[in-house]
Amino acid sequence: MTDPGYRITNTTTQFLVGNGHEFKTLDAWRTATGAKELNFAGNKEIAFWEFPAEAPRGGIVCIGSGTFDWYSPSDDYLENFHSNVGKITENAINYLSK
């Protein structure tokens, strides 16, 4: 999801699940948080999750990927993949609006 020349500080909010972590299983994480996993990062971290809608409140989609923590070092940056970040954001908004 990143282009050459991107600068990422990789600030993330992700949940690690399994032996040696706070949550031993996905079910334990779901029970403790009330959330539903939507996608995982490379090392099986929960990187995208949802807090489902509960009347009268709407749902929340959390995107904990470090890919959103980016900046370009110059104005002449050539974008190839950053539009993917925009598309993920658009998809999340569309998902929530349905």
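The following exchange goes through the fold and the charged residues of this predicted model.

Trainee: What are the conventions on numbering and on the model?
Mentor: This is a predicted model in which local features need pLDDT of at least 70 and side-chain atom pairs count only at pLDDT 80 or more, while totals for chains, interfaces and linings use all residues. Side-chain values use heavy atoms, with hydrogens and water left out, and residues are numbered from 1 along each chain as its sequence is written.

Trainee: In what order do the elements of the chain run from the N terminus on?
Mentor: Helices (H or I, at least four residues) and strands (E, at least two) are DSSP runs, numbered from the N terminus. The chain has two helices and five strands. Their order from the N terminus is β-α-β-β-β-β-α.

Trainee: Which strands stand at the edges of the open sheet, and why is one side of each left without a neighbour?
Mentor: Two strands pair if DSSP finds at least two bridges between them. Three strands form the open sheet, with antiparallel pairing, in the order β2-β3-β4. Each edge strand has a single partner strand, so one side is left without a neighbour in the sheet; these strands are β2 (36-40) and β4 (60-63).

Trainee: Which residue of β3 is the bridge partner of glutamate 37?
Mentor: Strand β3 covers residues 46-51 and runs antiparallel to β2, to which four bridges join it. The bridge partner of glutamate 37 in β3 is tryptophan 49.

Trainee: Which residue in the turn of the β2 and β3 hairpin has a positive phi?
Mentor: The hairpin has five residues between its two strands. The phi in question is about 70°, and the residue is lysine 44.

Trainee: Is glutamate 45, in the loop between β2 and β3, buried or exposed?
Mentor: Buried means under 20% relative accessible area, exposed over 50%, and partly exposed in between (1.4 Å probe, protein chains only). Contact means heavy atoms within 4.5 Å, and beyond its neighbours within four places in sequence glutamate 45 is in contact with Gln14, Phe15, Leu16, Asn39 and Phe40. Its relative accessibility is 14%, so glutamate 45 counts as buried.

Trainee: What angle does the direction of helix α2 make with that of β4?
Mentor: Axes are lines fitted to C-alpha atoms, for helices over the stretch in contact, and angles run from 0 to 180 degrees between N-to-C directions. Helix α1 (residues 26-33) lies across β2 and β3, at about 130° to β2. Helix α2 (residues 83-97) packs on the sheet and touches β2, β3 and β4; its angle with β4 is about 165°.

Trainee: Which side chain of opposite charge is nearest to glutamate 50?
Mentor: Lys and Arg count as positive and Asp and Glu as negative, with His and the chain ends not counted. A salt bridge is a side-chain nitrogen of Lys or Arg within 4 Å of a carboxyl oxygen of Asp or Glu. Glutamate 50, found in strand β3, is buried yet has no salt bridge. The nearest side chain of opposite charge is 4.5 Å away and belongs to lysine 36.

Trainee: Which side chain is joined to that of glutamate 50 by a polar contact of 2.8 Å?
Mentor: A polar contact is a pair of N or O atoms within 3.5 Å; within protein, one must be able to donate a hydrogen and the other to accept it, and residues adjacent in sequence count only if both atoms are side-chain atoms. Outside its neighbours within four places in sequence, glutamate 50 is in contact with residues including Leu38, Ile60 and Val61. The polar contact joins its side chain to that of tyrosine 95.

Trainee: Which residues are linked in a network of salt bridges?
Mentor: Arginine 30 forms a salt bridge with aspartate 27, with the closest N and O atoms 2.5 Å apart. The side chains of arginine 30 and glutamate 37 also meet in a salt bridge (2.5 Å, N to O). Aspartate 27 is exposed at 51% relative accessibility, arginine 30 is partly exposed at 29%, and glutamate 37 is buried at 16%. The linked residues are Asp27, Arg30 and Glu37.

Trainee: With which residue does lysine 87 form a salt bridge, and at what N and O distance?
Mentor: A search of the whole structure finds three salt bridges. Lysine 87 and its partner are three residues apart in helix α2, so about one helical turn separates them. The partner is glutamate 90, and the closest N and O atoms are 3.6 Å apart.
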